[in-house]
Amino acid sequence: MAQALQEIHDFLPCATPQQWIDNALANQDLMLIDHAHCEKKAASTALSLMYRYVDNSDLLNKMSRLAREELRHFEQVLAIIDKRGVSYCHLTPARYAAGLRAGVRTDDPGRLVDVMVVGAIIEARSCERFAALTPFLDEELAEFYSSLLKSEARHYRDYLALAEQANGGPVDERVAEFIATEKQLILEPDSEFRFHSGPVA
Ligand SMILES: [Fe+2]
Ligand SMILES: [Fe+2]
């Protein structure tokens with residue numbers, strides 16, 4: 001696992017700032033609610049890709065498995081939310097995913113390449129944040145977040161492999177472009193705390 005995490009740290013443009021970790025620890029109920037939304041959204045994105053790219057069996061298999069795993073994660077977060085007496089509710093989405101998707105090209109195959117690169121970045125960042133939070137969490141949450149690391153690291157690699165396959169070769173240039181945007185979204189002050197937000201003052 002240490003090796004997979006190192007790979008993710010090498011891939012991402014920066015570490016999560018301490019201010020965000022402090023925000024998360026001070027807003028754990030909100031973090032859990034947003035985390036549940038993220039898992040649900042991850043499953044739904046994978047399913048919608050399965051509707052659009054019906055002729056790509058590698059994508060269909062990887063996205064089908066990923067959607068099942070994300071829904072399982074959703075159930076696990078929901079169980080913790082219920083156990084803690086937190087009420088699950090709607091939240092305004094973070095600027096993060098929309099900020100990344102703004103750079104996605106509109107026509108295929110460029111669109112597919114970019115959506116896969118964005119997917120890889122989101123999975124990598126989730127993995128990095130779970131790891132960053134784990135030392136500060138209570139035992140139950142620390143154990144749960146450590147257990148998520150492994151699957152999110154695999155999702156990162158699956159998305160990257162699908163991006164390279166769709167591109168017919170390396171995607172370094174696209175990664176560099178999206179990573180530059182990601183760095184801003186992670187480091188620049190944000191107005192609302194979310195799982196993928198920037199630091200909130
Ligand atoms: Fe997940
Ligand atoms: Fe994932």
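A donor is an N, O or S atom within 2.8 Å of the metal. Keep that in mind as you work through these exercises on a predicted model.

**Exercise 1. Which residues coordinate the iron ion (ligand 1), and how are the donor residues spaced in sequence?**

*Solution.* Start with the ion and look for its partners. Glu39, Glu70 and Glu152 each offer an OE atom, while His73 offers ND1, at 2.0 to 2.3 Å. Next, follow these donor residues along the sequence: their spacing reads E-x30-E-x2-H-x78-E. Finally, place two of them in the fold. Glu39 sits in helix H3 (residues 28-52) and Glu70 in helix H4 (residues 57-83), so the pair links distant parts of the chain, 31 residues apart.

**Exercise 2. Why is the arrangement of the 4 donor atoms around the iron ion (ligand 1) irregular?**

*Solution.* First take the angles that the donor atoms subtend, which are 88 to 136 degrees. Then compare them with the cut-off: four donors count as tetrahedral if all angles lie between 85 and 135 degrees. The upper value, 136 degrees, falls outside that range, so the arrangement is not tetrahedral. The arrangement counts as irregular.

**Exercise 3. Which residue bridges the two iron ions, ligand 1 and ligand 2, and is that residue buried or exposed?**

*Solution.* The bridge is made by Glu70, and the two ions lie 3.6 Å apart. Now check accessibility, where buried means under 20% relative accessible area. Glu70 has 1%, so this residue is buried. Glu39, at 4%, is buried as well.

**Exercise 4. Are the rings of Trp20 and Phe193 stacked, tilted or edge-to-face?**

*Solution.* A search of the whole structure gives 7 aromatic pairs. For Trp20 and Phe193, the ring centres are 5.6 Å apart and the planes meet at 35 degrees, so this pair is tilted. Trp20 belongs to helix H2 (residues 18-26) and Phe193 to the segment after helix H8 (172-187), so the pair ties together parts 173 residues apart in sequence. Both partners are buried: Trp20 has 0% relative accessibility and Phe193 has 5%. Looking wider, one aromatic cluster is formed by Trp20, Phe130, Phe144, Tyr145, Phe193 and Phe195. Trp20 has another neighbour too: Arg129 lies over its face, 4.0 Å from the ring centre.

**Exercise 5. Which helix supplies the largest share of the lining of the largest pocket?**

*Solution.* Begin with the space itself, about 630 Å³. Among the 29 lining residues, His37, Cys38, Lys41, Ala42 and Ala97 are the closest to the centre. H3, H5, H6 and H7 each supply at least two lining residues. The largest share, 10 residues, comes from H3.

Note on methods
Residues numbered from 1 in each chain as written. Chains lettered and ligands numbered in written order. Predicted model: local features only at pLDDT ≥ 70, side-chain atom pairs only at ≥ 80, totals over all residues. Heavy atoms only, no water. Donors = N, O, S within 2.8 Å, 3.2 Å for Na, K, Ca; no water. Tetrahedral: all angles 85-135°; square planar, octahedral: opposite > 155°, others 65-115°. Helix = DSSP H or I, 4+ residues; strand = E, 2+ residues; numbered from the N terminus. Buried < 20%, exposed > 50% of the residue type's maximum accessible area, 1.4 Å probe, protein only. Phe/Tyr/Trp six-rings, centres within 6.5 Å; stacked < 30°, edge-to-face > 60°. Lys NZ or Arg CZ within 6 Å of the ring centre and 35° of its normal. 1 Å grid on protein atoms, 1.4 Å probe; cavity = no way out; pocket = protein on both sides within 12 Å on 5 of 7 lines; lining within 4 Å. Points joined across faces, edges and corners; volume = space filled by probe spheres on them.
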